[in-house]
Amino acid sequence: MTEDADWTGGCLCGKRRYRFARPPSTSGYCHCSMCRRATGGPFAVLVRVDEDDLEWLSEPPATFRSSPIAKRGFCPDCGTPLFLRYDDDDRIRLTAGSLDHPERITPSYNYGIESRLPWVCYDDDLPGQPTQERF
Ligand SMILES: [Zn+2]
Ligand SMILES: [Zn+2]
């Protein structure tokens, strides 16, 4: 896939889809407790895109005010968290997990490290297993 190929993503049920043309300006981990709850994971990986570059290919996501300075967007049908947007920033932070090809990004920073969980690690020597269809 080339650098200038379209970037696409969407929610789990497929009813909310987006596209942007330019590579994200940056992406990184956020360990803050709000991202933890909003994603249901130990941290969020957020991908910054100029809002002008982002196009919703479906109805836009539902939003809620997650703090006095930011809103978050999610699919109202399946609940997938899709973005974080600060009121005074014209960049939108998409959830990396909603990208169709999250392997194309390289997270370059950690944010909210005071909230980083002690058991979050990236050790390759832990036992690994691919995602299973059924347990
Ligand atoms: Zn959905
Ligand atoms: Zn956060």
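What percentage of the 135 residues in the protein is buried? In this predicted model, buried residues account for 27% of the 135 residues. The fold comprises one helix and 10 strands, and the order of these elements along the sequence is β-β-β-α-β-β-β-β-β-β-β. The radius of gyration is 15 Å, close to the 14 Å given by the globule rule for 135 residues, so the protein is as compact as a globular protein of that length. Along the principal axes, the C-alpha atoms occupy a box of roughly 40 × 35 × 30 Å. Of the contacts with a separation of 6 or more, 59% are between residues 24 or more positions apart in the sequence.

An open sheet is formed by three strands in the order E1-E2-E5, with antiparallel pairing. The edges of this sheet are taken by strand E1 (7-10) and strand E5 (54-56); each has a single partner strand, so one side of each is left without a neighbour in the sheet. From one strand to the next, the twist averages 20°. Strand E2 (residues 17-20) runs antiparallel to E1, and four bridges join the two. Within the E1 and E2 pair, Gly9 is positioned opposite Tyr18 of E2.

Further antiparallel pairing involves strands E7, E8 and E9. Strand E7 (residues 70-74) is paired with E8 over five bridges in the antiparallel sense, and Lys71 has Arg85 of E8 as its bridge partner. These two strands form a hairpin with six residues between them. In the turn of this hairpin, Gly79 adopts a positive phi of about 85°. E8 is in turn joined to E9 by two bridges, the strands running antiparallel, and Phe83 stands opposite Leu94 of E9. The connection from E8 to E9 is a hairpin through four residues.

In soluble globular proteins, nonpolar side chains tend to be buried together. The largest nonpolar core of the model contains 22 residues, and those with the most contacts inside it are Cys30, Ala44, Leu46, Val47, Leu82 and Leu94. At least two residues of this core are supplied by each of E2, strand E3 (26-30), strand E4 (44-50), strand E8 (81-86) and strand E9 (91-95). E4 provides the largest share, five residues. For Leu82, one of the core residues with the most contacts inside the core, the surroundings can be described in detail. Apart from its neighbours within four places in sequence, Leu82 is in contact with Cys11, Arg16, Pro61, Gly73, Phe74, Cys75, Leu94, Thr95 and Ser98. Among these partners, Leu94 is itself listed with Leu82 among the core residues with the most contacts, and Leu94 of E9 is also the residue opposite Phe83.

His101 lies in the loop between E9 and strand E10 (110-111). This residue has 11 C-beta neighbours inside 10 Å and therefore counts as exposed, the limit for that class being 12 or fewer. Although His101 and Ala5 are 96 residues apart along the chain, their C-alpha atoms are separated by 11 Å.

Conventions:
Residues are numbered from 1 along each chain as its sequence is written. Chains are lettered from A and ligands numbered from 1 in the order in which they are written. This is a predicted model: local features need pLDDT of at least 70, side-chain atom pairs count only at pLDDT 80 or more; totals for chains, interfaces and linings use all residues. The radius of gyration is taken over C-alpha atoms; the globule rule is 2.2 Å times the number of residues to the power 0.38. A residue is buried if 20 or more other C-beta atoms lie within 10 Å of its own, exposed if 12 or fewer, and partly exposed in between; C-beta atoms are placed from the backbone. Two residues are in contact if their C-beta atoms, placed from the backbone, lie within 7 Å. Two strands pair if DSSP finds at least two bridges between them. Axes are lines fitted to C-alpha atoms, for helices over the stretch in contact, and angles run from 0 to 180 degrees between N-to-C directions. A nonpolar core is a set of buried Ala, Val, Leu, Ile, Met, Phe, Trp, Tyr and Cys residues joined through C-beta atoms within 7 Å.
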